[in-house]
Amino acid sequence: MTVESYNCVRVSRTALQNNFELLKEKSGQTVPLMAMVKADGYGHGMVESARAFSKGGCRSFGVAELCEAVALRKSGLLGDIYVTIGFRGDDADLFFEYQLIPVIYSVTAAEQLSARAVAHGRAIGVHIKVDTGMGRLGILPHETMEFVSLVSSLPGLKISGVMSHFPESDDPTSVSTKEGLRKFGQVCGELKTRFGAICHIANSGAVLNFADTRCDMVRAGIALYGYHPAGRAGDRIVNDGSLIPAMSYSTQIIQVKKIPAGTGISYGHTFITNRETILAVLPVGYEDGYSRGLSNCGEVLVHGVSVPVRGRICMNMCMVDVTGIDGVSVGDEVVLLGKQGKRQIDADDLADKLDSISYEVLCKLGNNNNRIYT
Ligand SMILES: *Cc1c(COP(=O)(O)O)cnc(C)c1O
């Protein structure tokens with residue numbers, strides 16, 4: 001017999017597939033869509049999410065690290081798997097063993113792959129990462145042609161793609177998106193004609209806001225999980241409820257008690273009751289990804305009503321005020337993310353309180369709780 005936690009993340013495969021379909025529509029059905037499943041599928045489970053997208057017709061998947069890609073391939077997933085942030089030299093063989101696609105940004109990595117390609121007697125296609133304004137990983141545009149000449153002179157390597165990333169595509173008025181696309185276009189032009197390379201730069205924000213960024217493939221993450229990258233502000237852009245949040249998170253009440261006015265709640269007594277209060281204790285804390293930043297400002301759903309978190313969030317527990325709600329008792333369901341009755345709390349609500357983004361909320365809740373798939 002296995003004993004389950006009180007706390008449970010539910011992930012809807014139907015929602016994942018709905019979002020994949022929607023993104024396919026938005027990016028033009030003929031443009032391949034790479035599903036980003038890094039960070040354990042943004043907390044939704046890398047393997048399960050990839051399988052759901054695969055059932056919807058997805059053939060390309062992106063992760064950050066090589067170890068993620070190996071795990072994904074070992075799960076039996078077919079299709080292209082891209083490793084977007086590189087690898088250590090000793091691990092270069094794994095790209096051949098598991099048929100993975102490396103994204104490279106250094107001569108060293110190119111040489112290591114080339115040596116292994118020669119040893120295996122098998123050429124490998126690489127994608128080159130260019131930094132067209134993100135200010136993060138990649139070769140600068142003006143250094144790209146020199147890099148490309150070097151890479152293309154190495155035996156066993158084929159330049160099959162070039163990619164970049166946008167820093168502000170969640171904002172439809174962003175100048176950096178247009179500027180990045182222009183720089184990317186210059187790099188792509190030559191690589192397409194010389195090597196038949198495919199070009200890809202669009203993330204969720206670009207797919208939703210900038211139709212002209214699609215190029216030969218798009219790479220979407222957050223929108224596949226049901227959120228606009230701009231958070232609340234994005235609602236105004238999509239605004240048709242067509243993206244469906246795939247994750248919900250719930251727990252059960254473990255104690256209910258009546259306490260008098262003037263009672264301090266939790267560590268530091270940062271909340272003192274100002275009236276007789278019915279307090280419910282929940283077995284959820286920052287260890288479960290319910291951030292301590294939600295102390296005295298979080299809200300949860302009990303009996304379909306939104307109730308406030310009182311006092312500090314502890315490691316494994318937190319308290320909510322259920323005064324005035326009839327018949328609240330131990331074992332009652334509490335929703336911390338998702339719908340209950342007519343009310344809903346989404347990852348943007350939590351992110352706003354935490355001065356963060358839905359991405360972080362989803363990763364933390366998803367990756368610190370048991371997940372079940374519906
Ligand atoms: C995570 C990631 C994406 C997806 O970004 P979203 O904003 O989640 O759509 C695209 N490309 C790269 C390289 C990434 O790392």
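Which residues lie nearest the centre of the largest pocket? The points below address this question and then turn to the cysteines.

1. The model under review is predicted. In it, Lys38, Tyr42, Arg136, His165 and Tyr359 lie nearest the centre of the largest pocket. The lining as a whole is made up of 28 residues, and the space in this pocket comes to about 600 Å³.

2. Three helices deserve attention when the pocket is inspected: α2 (38-42), α9 (204-209) and α12 (358-366) each contribute at least two residues to its lining. The greatest contribution is that of α2, which supplies 3 residues.

3. As to chemical character, the lining of the largest pocket comprises 15 nonpolar residues, 7 polar residues and 6 charged residues.

4. The structure contains 0 disulfides. A disulfide is a covalent bond that joins the sulfur atoms of two cysteines. Two cysteines, Cys67 and Cys318, are considered in the next points.

5. Why does Cys67 form no such bond? The closest cysteine sulfur, that of Cys363, is 15 Å from the sulfur of Cys67, which is too far for a bond. Cys67 has a relative accessibility of 53% and therefore counts as exposed, the cut-off being over 50%.

6. For Cys318, the closest cysteine sulfur belongs to Cys314. The two sulfurs are 7.9 Å apart, again too far for a bond, because a disulfide requires sulfur atoms within 2.5 Å. Is Cys318 buried or exposed? With a relative accessibility of 0%, Cys318 counts as buried, whereas Cys67 counts as exposed.

How values were computed: Residues numbered from 1 in each chain as written. Predicted model: local features only at pLDDT ≥ 70, side-chain atom pairs only at ≥ 80, totals over all residues. Heavy atoms only, no water. Buried < 20%, exposed > 50% of the residue type's maximum accessible area, 1.4 Å probe, protein only. 1 Å grid on protein atoms, 1.4 Å probe; cavity = no way out; pocket = protein on both sides within 12 Å on 5 of 7 lines; lining within 4 Å. Points joined across faces, edges and corners; volume = space filled by probe spheres on them. Helix = DSSP H or I, 4+ residues; strand = E, 2+ residues; numbered from the N terminus. Nonpolar A, V, L, I, M, F, W, Y, C, P; charged D, E, K, R; others polar.
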